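Student: I am new to this structure and would like a close look at one part of it. Could you take me slowly through a few of its strands, and through the residues that sit around them?

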Amino acid sequence: QVQLVESGGGLVQAGGSLRLSCAASGSIVSINAMGWYRQAPGKQRELVAAIVSGGSTNYADSVKGRFTISRDNAKNAMSLQMNSLKPEDTAVYYCNADVRTRGSSGKYWGQGTQVTVSS
């Protein structure tokens, strides 16, 4: 059993910053890709940023230059530093991880954390 737990969401004014964290726990052998997704009301879930175990990153065009994803492989943890936040960044943010356990592998999701940016 693998669990992903997010923290760090909240309410912030436009131009402000937030830092999201995600911690994975359970019978984890290794984690390949980890990523942050978001879903705004009435919209599809979209990829915000992703990072593989080697450190390579990928960002949505809408957040490039403002968001920074990082991970601590030893702690099975990941963070998303969000700067210069805009009202359009308002969404529920989800942590995702591609996890290998002793018996299988698969993609796991956190429960989501709300980020609200006021104008």
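Tutor: Two strands are said to pair if DSSP finds at least two bridges between them, and that is the sense in which pairing is used below. The model is a predicted one, and what follows describes that prediction.

Let us begin with strand β11, which covers residues 113-118. Strand β2 (residues 10-13) is joined to β11 by 4 bridges, and the two run parallel; within this pairing, Gly10 stands opposite Val115 of β11. Strand β9 (residues 91-101) is joined to β11 by 3 bridges, and here the strands run antiparallel, with Val92 standing opposite Gln114 of β11. The side chains along β11 alternate: those of Thr113, Val115 and Val117 point to one face and are buried, whereas those of Gln114, Thr116 and Ser118 point to the other face and are not buried.

Val92 leads us on to Arg38, since the C-alpha atoms of Arg38 and Val92 are separated by 5.4 Å although the two residues are 54 apart along the chain. Arg38 is found in strand β4, which spans residues 28-39. Arg38 counts as buried because its relative accessibility is 6%, and buried means under 20%. The side chain of Arg38 is joined to that of Asp89 by a polar contact of 2.9 Å, and a polar contact of 2.9 Å also joins the side chains of Arg38 and Tyr93. Leaving out residues up to four places away in sequence, Arg38 touches a set of residues that includes Gln44, Glu46, Ser62, Phe67, Asp89, Val92 and Tyr93.

Asp89 also appears among the contacts of another arginine, Arg66, which, when neighbours within four places in sequence are set aside, is in contact with Gln81, Met82, Asn83, Ser84, Leu85, Lys86 and Asp89. Arg66 lies in the loop between β6 (57-59) and β7 (67-72). With a relative accessible area of 11%, Arg66 is buried, and its side chain reaches the backbone oxygen of Ser62 at 2.8 Å.

The loop that holds Arg66 leads to β7, and β7 belongs to an open sheet of 4 strands, in the order β1-β3-β8-β7, with antiparallel pairing. The edge strands of this sheet are β1 (2-7) and β7, each of which pairs on one side only. On average, neighbouring strands of the sheet are turned by 15° against each other, with direction ignored. The partner of β7 is strand β8 (residues 77-82), and the two pair in the antiparallel sense over 6 bridges; Thr68 stands opposite Gln81 of β8.

Finally, consider the loops on either side of β8. Most residues other than glycine have a negative phi. Asn76, in the loop between β7 and β8, has a phi near 50°, a positive value in a residue other than glycine. Its relative accessibility of 22% means that Asn76 counts as partly exposed. Ser84, which lies in the loop between β8 and β9, likewise has a positive phi near 50° and is not a glycine. At 42% relative accessibility, Ser84 counts as partly exposed, and Ser84 is one of the residues in contact with the buried Arg66.

Note on methods:
Residues numbered from 1 in each chain as written. Predicted model: local features only at pLDDT ≥ 70, side-chain atom pairs only at ≥ 80, totals over all residues. Heavy atoms only, no water. Buried < 20%, exposed > 50% of the residue type's maximum accessible area, 1.4 Å probe, protein only. Polar contact = N/O pair within 3.5 Å; in protein donor to acceptor, adjacent residues only side chain to side chain. Contact = heavy atoms within 4.5 Å. Axes fitted to C-alpha atoms, helices over the stretch in contact; angles between N-to-C directions.
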